[in-house]
Amino acid sequence: MPRAPYHGEFTPERMVFNANLQEFASKVSLICNLETGGKITSEDAYGRIKQLWKDLKASKKSLLDTIDRKGEDA
């Protein structure tokens, strides 16, 4: 769930990536709170955040890098 409205140059891809970015931030915060509260280990928190980062990078590549390539062709 996006927590703030999107204020950048609008394209559907940018809006989806913005939602993915906000979801990433929310999940990282939750994981950090679980680790701080002793519910998960530091190593587990690191692994979870690392996977979330990989997922976010893949999202950027599929959504935003495609837009950049289209812009270069124009």
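A salt bridge here is a side-chain nitrogen of Lys or Arg sitting within 4 Å of a carboxyl oxygen of Asp or Glu. Run over this predicted model, that rule gives a count of 3 salt bridges.

Start with helix H1. Glutamate 23 and lysine 27 pair up through their side chains, with an N to O distance of 3.0 Å. The two residues are 4 apart in helix H1, which puts about one helical turn between them. That spacing fits a familiar bit of helix geometry: an α-helix has 3.6 residues a turn, so residues three or four places apart point the same way. Neither end of the bridge is buried, because the cut-off for that is under 20% relative accessible area, while glutamate 23 comes out at 34% and lysine 27 at 35%; both count as partly exposed.

Helix H2, which covers residues 42-73, has a bridge with this kind of spacing too: arginine 48 and aspartate 44 are 4 residues apart there, about one turn of the helix. Their side chains meet at 3.2 Å, N to O. Arginine 48 is partly exposed at 36% relative accessible area, and so is aspartate 44, at 30%.

That leaves aspartate 65 and lysine 60, whose side chains form a salt bridge at 2.8 Å, again N to O. Lysine 60 has a relative accessibility of 36% and goes down as partly exposed. Aspartate 65 has a relative accessible area of 21%; with buried meaning under 20%, that value makes aspartate 65 partly exposed as well.

Back to H1 as a whole. The helix takes in residues 12-36, which makes 25 residues, and it reaches 36 Å from its first C-alpha to its last, close to the 36 Å expected at 1.5 Å a residue. Its buried residues are Phe17, Asn18, Gln22, Phe24, Val28 and Ile31. Two of these polar names turn up together: the side chains of glutamine 22 and asparagine 18 are joined by a polar contact of 2.7 Å. Glutamine 22 has a relative accessibility of 15%, so it counts as buried.

Proline 12 also belongs to H1, but with 54% relative accessible area it is exposed. In sequence, proline 12 and leucine 63 are 51 residues apart, yet their C-alpha atoms are 9.1 Å apart in space. Just after H1, glycine 38 adopts a positive phi of about 80°.

Then there are the aromatics. A pair of aromatic rings is described by the distance of the centres and the angle of the planes. Searching the whole structure turns up 1 aromatic pair. The partners are phenylalanine 24 and tryptophan 53, with 5.8 Å from centre to centre and 55° between the planes, which classes the pair as tilted. The pair ties together distant parts of the chain, as phenylalanine 24 is in helix H1 and tryptophan 53 is in helix H2, 29 residues away. The two rings also fall into separate accessibility classes: phenylalanine 24 is buried, with a relative accessible area of 17%, whereas tryptophan 53 is partly exposed at 45%.

Terms used: Residues numbered from 1 in each chain as written. Predicted model: local features only at pLDDT ≥ 70, side-chain atom pairs only at ≥ 80, totals over all residues. Heavy atoms only, no water. Buried < 20%, exposed > 50% of the residue type's maximum accessible area, 1.4 Å probe, protein only. Polar contact = N/O pair within 3.5 Å; in protein donor to acceptor, adjacent residues only side chain to side chain. Phe/Tyr/Trp six-rings, centres within 6.5 Å; stacked < 30°, edge-to-face > 60°. Expected span 1.5 Å × (residues − 1).
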